[in-house]
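Subject: A structure for you to look at

Hi,

I'm handing over the structure we talked about, so please open it and have a look around before you read on. My notes come right after it.

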Amino acid sequence: VLFTPTSPSVAIDPGDGTSHWYFSLLDRIRDYLPNAQVHVWTTATVAPDVSKQQRKDFANKWNKGMTMHTQDDGIFGAWAHMARANVFALSQGASYVPAALSRGCVIYYGDLGKAVRPMSHWLDGKQELQRRPGSGHLQRCIADSGAALHHRVDFCGLDVCNFHSGDATRIFVQEHGDGAGHRMKNILDGMATAFKNGLNFGGVVPVGNFVTEHGHNFRTLADAFFGPGATDQLFIQPAPNFTRKFD
């Protein structure tokens, strides 16, 4: 199995690889699963006499932080990974079997063929890309897949969150649901309060909408500010059981 157990898995079958719809979809998936391992199986054929360098160039044409596989890697191995992935996105009926066997989040894009109908719990990828980011549909699909369990943390482990000894009391803040500036100020205020009072900063209890009132993805902004992958540690979900709460 190519997937490692330490991070969520995403499998994509983009068909012949000529459509780049999955780039946009993957950007949204990574908003929720920034450390996901992504494998793409394209059904575009590669002739047996093609050189290794040509095969590498063929894969790199689509490669954006993904591991590429082609049809000649074997269909049954591909199906096994598609069925086991936390998130599986497909654009053709040929991958219906692993999609039907999947217990994860299945996302289909476009018409799968006359003889194939998507299951009722599958997510329509074309409709998802027409929605505003953070609408909640994709988030629920991923959460139901169990992928979020790979990233569950009880408190922030970043250096910027831990100012004192490990047994110091931790303070958490509730994320605001408005603009990026107010959301960021709330986090920095929490960190400053923790530092001044001998506490550690536990993290942020997130609101349901990642998108600010100005249309920006706050998780992306927070990662740019605190460092890549920082939101995995900063935003704590589900919320811990607090000993005390203050308004």
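Below is what I found, going from the sheets to the disulfides and then to the pocket. One thing to keep in mind throughout: this is a predicted model.

**The six-stranded sheet**

Let's start with the open sheet of 6 strands, whose order is E3-E2-E1-E4-E5-E6. The pairing in this sheet is parallel. If you want to find its edges, look for strand E3 (67-69) and strand E6 (123-124), each of which pairs on one side only. As a reminder, strands of a sheet pair through backbone hydrogen bonds, and they can do that either parallel or antiparallel.

Now zoom in on the E6 end. E5 and E6 run parallel and are joined by 2 bridges. Which residue of E6 is the bridge partner of Tyr108? That would be Asp124.

While you're in this area, click on Tyr109 as well. Trp21 is 88 residues away from Tyr109 in sequence, yet their C-alpha atoms are 8.2 Å apart in space. Trp21 belongs to helix H1 (residues 21-32). Is Trp21 buried or exposed? Its relative accessibility is 6%, and the cut-off for buried is under 20%, so Trp21 counts as buried.

**E7 and E8**

Next, go to another pair of strands. E7 and strand E8 (residues 200-205) run parallel, with 5 bridges joining them. To get from E7 to E8, the chain passes through helix H7 (residues 180-196), and this β-α-β crossover is right-handed. You can check the pairing residue by residue: Arg170 has Asn200 in E8 as its bridge partner, and Val173 stands opposite Val204 in E8. E8 itself is mostly covered, with 6 of its 6 residues buried.

**The disulfides**

How many disulfides does the structure hold? There are 2. Counting the bonded cysteines in sequence order, they pair 1-2, 3-4.

- Cys105 and Cys141 have their sulfur atoms 2.0 Å apart. This disulfide links distant parts of the chain, 36 residues apart: Cys105 sits in strand E5 (residues 105-108) and Cys141 in helix H6 (residues 137-144). The link is right-handed, with 110° about the S-S bond. Cys105 and Cys141 are both buried.
- Cys156 and Cys161 make the other bond, with 2.2 Å between their sulfur atoms. Their link is right-handed too, with 65° about the S-S bond. Cys156 and Cys161 are both buried.

Notice that E5 has now come up twice: E5 is joined to E6 by bridges, and E5 holds Cys105.

**The largest pocket**

Finally, have a look at the largest pocket, which has about 610 Å³ of space in it. Its lining is made up of 18 residues. Try selecting Ile171, Phe172, Phe242, Arg244 and Phe246, because that takes you to the ones that lie nearest the centre of the pocket. What kinds of residues make up the lining? They divide into 9 nonpolar, 5 polar and 4 charged.

Which strand gives the most to this lining? It's strand E7 (residues 170-174), with 5 residues. That's the strand you met above, joined to E8 by 5 bridges.

Have fun exploring, and send me any questions.

Cheers

How values were computed
Residues are numbered from 1 along each chain as its sequence is written. This is a predicted model: local features need pLDDT of at least 70, side-chain atom pairs count only at pLDDT 80 or more; totals for chains, interfaces and linings use all residues. Side-chain values use heavy atoms; hydrogens and water are left out. On a 1 Å grid over the protein atoms alone, a cavity is a set of points where a 1.4 Å probe fits but cannot get out, and a pocket is an open set with protein on both sides within 12 Å along at least five of seven lines; lining residues have an atom within 4 Å of a point. Grid points are joined across faces, edges and corners, and a volume is the space filled by probe spheres set on the points. Helices (H or I, at least four residues) and strands (E, at least two) are DSSP runs, numbered from the N terminus. Ala, Val, Leu, Ile, Met, Phe, Trp, Tyr, Cys and Pro count as nonpolar, Asp, Glu, Lys and Arg as charged, and the others, Gly among them, as polar. A disulfide is a pair of cysteine sulfur atoms within 2.5 Å. Buried means under 20% relative accessible area, exposed over 50%, partly exposed in between (1.4 Å probe, protein chains only). Two strands pair if DSSP finds at least two bridges between them. A crossover is right-handed if, with the strands pointing away from the viewer, the path from the first strand over the helix to the second runs clockwise.
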